Amino acid sequence: MFDKIAIIGLGLIGSSIAHAARRGKLAKEIAGFDVSADVRARAAKIGFCDQVYDDLAAAVKNAQLVILATPVGAYKGVAEAIAPHLAKDAILSDVGSVKGAVVRDVGPFVPAGVHFIPAHPIAGTEFSGPEAGFATLFDGRWAIITPLPGADSAAVARLRAFWEGLGSRVDAMEPGHHDLVLAITSHLPHLIAYNIVGTAHDLEAVTEGEVIKYSASGFRDFTRIAASDPIMWRDVFLNNRDAVLQMLDRFNEDLRQLQDAVREGDGEFLFDKFSKNRAIRKAIIEIGQECAAPNFGRDQKKT
Ligand code: NAP
């Protein structure tokens, strides 16, 4: 599909793209670059790239597809650095968990003749780094592409086919809409998980270890989400502020209603609310975005 692709940032997502691209024979050369010499050495040792470059310009040179896979906060600097070295007609894409801010930060540096098409795979784990990646991460998961108005349709079709080759199902939407949808499906759940785990941690002194001991009663599932990379998630909240605040307002209103129902002993309200929510989980299992196996069917590494 491509002679050369370049992946910038060789952590969980970057390394998984490399593994899956190799599995799907999507590129003759998979080039990689990471800012960290240690990560570069570890990536070279694992061998998911054909070549790990020490030099950003050399990594992207002649690449027909360049994918930014660093935390979103690093995008602006990377875009500025690679811009003069991008090949004419190359596709410049990314995997960032927010899209409006990516358009804002990367867009101004995109040279004429380069096709900038942001994207976001809805797949991940709580693990980070080049060892965390695996070829099946995107299988059956959605990848959302957010082409800008006037985007070259052939380039969009090529990127879509690339993600399908990685195993994904592909949807397209406008960046602002993506940020609103992800604020409720991903960003807010992470904020809540970070908060509840933090609160429980603070209570640990009071409960003398019982939070950990009895964690299977519900708390454990929050700790998986709250184990996610702190740099990545800091950047998500810094870069999707408006949508997250909008969803947080709504969340707080609903929480207040539950609080009132608990205070007033309104069992009917609680039962109705909980019953409705059960149906959502059933629907997620039915469309194959989760499985019904114990412990959500997760093994040690893969979600
Ligand atoms: P990760 O495992 O921490 O990998 C990110 C890598 O990028 C690290 O090796 C990091 O090096 C490197 N890096 C940082 N700044 C760089 C720069 N300026 N130039 C080159 N490399 C740089 O993170 P990840 O989970 O793969 O996330 C990467 C991107 O995927 C993020 O934008 C995130 O929003 C998106 N995403 C993540 C998930 C998920 O579940 N994790 C899902 C979908 C999308 P250092 O470690 O030395 O900083």
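Tutor: Before we start, a helix here is a DSSP run of type H or I with at least four residues, and helices are numbered from the N terminus. Please also keep in mind that the model we are reading is a predicted one.

Student: By about how many helical turns are R250 and D254 separated in helix α11?
Tutor: The side chains of R250 and D254 meet in a salt bridge, with 3.4 Å from N to O. Both residues belong to helix α11, which covers residues 241-264, and because they are 4 residues apart there, the separation is about one helical turn.

Student: Is R263 buried or exposed?
Tutor: R263 forms a salt bridge with D260, the closest N and O atoms being 2.9 Å apart, and the two residues are 3 residues apart in helix α11. Its partner D260 has a relative accessible area of 27% and is partly exposed. For the label "exposed" the relative accessible area has to be over 50%, and since R263 reaches 58%, R263 counts as exposed.

Student: How many salt bridges does a search of the whole structure find?
Tutor: Side chains of opposite charge can pair when their charged atoms come close. One such pair is R104 with D105, whose closest N and O atoms are 2.8 Å apart, while D38, R42 and E131 are linked in a network of salt bridges. For the whole structure, the search gives a total of 15.

Student: Which helix gives the largest share of the side of domain 1 that touches domain 2?
Tutor: The chain is divided into domain 1, residues 2-173, and domain 2, residues 177-265, and 18 residues of the former are in contact with 15 residues of the latter. Across this interface the rule finds 1 salt bridge. On the side of domain 1 that touches domain 2, the largest share is 4 residues, and these come from helix α5.

Student: What area do domain 1 and domain 2 bury between them?
Tutor: The size of an interface is often given as the accessible area lost when the parts come together. For domain 1 and domain 2, 62% of the buried area lies on carbon and sulfur atoms, and the whole of it is about 1,200 Å².

Student: Is S97 buried or exposed?
Tutor: S97 sits in the loop between β5 (91-94) and α5. Apart from neighbours within four places in sequence, its contacts include V72, H120 and H178. A residue counts as buried under 20% relative accessible area, and because the value for S97 is 11%, S97 is buried.

Student: How many residues apart in sequence are the parts that the pair of F138 and W163 ties together?
Tutor: The structure holds 4 aromatic pairs, and in one of them F138 and W163 meet edge-to-face, with 5.2 Å from centre to centre and 90° between the planes. F138 lies in the loop between β7 and β8, whereas W163 lies in helix α6, so the pair ties together parts whose separation in sequence is 25 residues.

Student: What is the relative accessible area of W163?
Tutor: F138 counts as buried at 0% relative accessibility. W163 is buried too, with a relative accessible area of 1%.

Student: In which helix do W233 and F237 both lie?
Tutor: W233 and F237 form a tilted aromatic pair, 5.9 Å from centre to centre, with 40° between the planes. Both residues are buried. They are 4 residues apart, about one turn of the helix, and the helix that holds them is α10.

Notes. Residues numbered from 1 in each chain as written. Predicted model: local features only at pLDDT ≥ 70, side-chain atom pairs only at ≥ 80, totals over all residues. Heavy atoms only, no water. Phe/Tyr/Trp six-rings, centres within 6.5 Å; stacked < 30°, edge-to-face > 60°. Buried < 20%, exposed > 50% of the residue type's maximum accessible area, 1.4 Å probe, protein only. Domains from an automatic or database assignment. Contact = heavy atoms within 4.5 Å. Buried area = accessible area lost by both parts, 1.4 Å probe. Salt bridge = Lys/Arg side-chain N within 4 Å of Asp/Glu carboxyl O.
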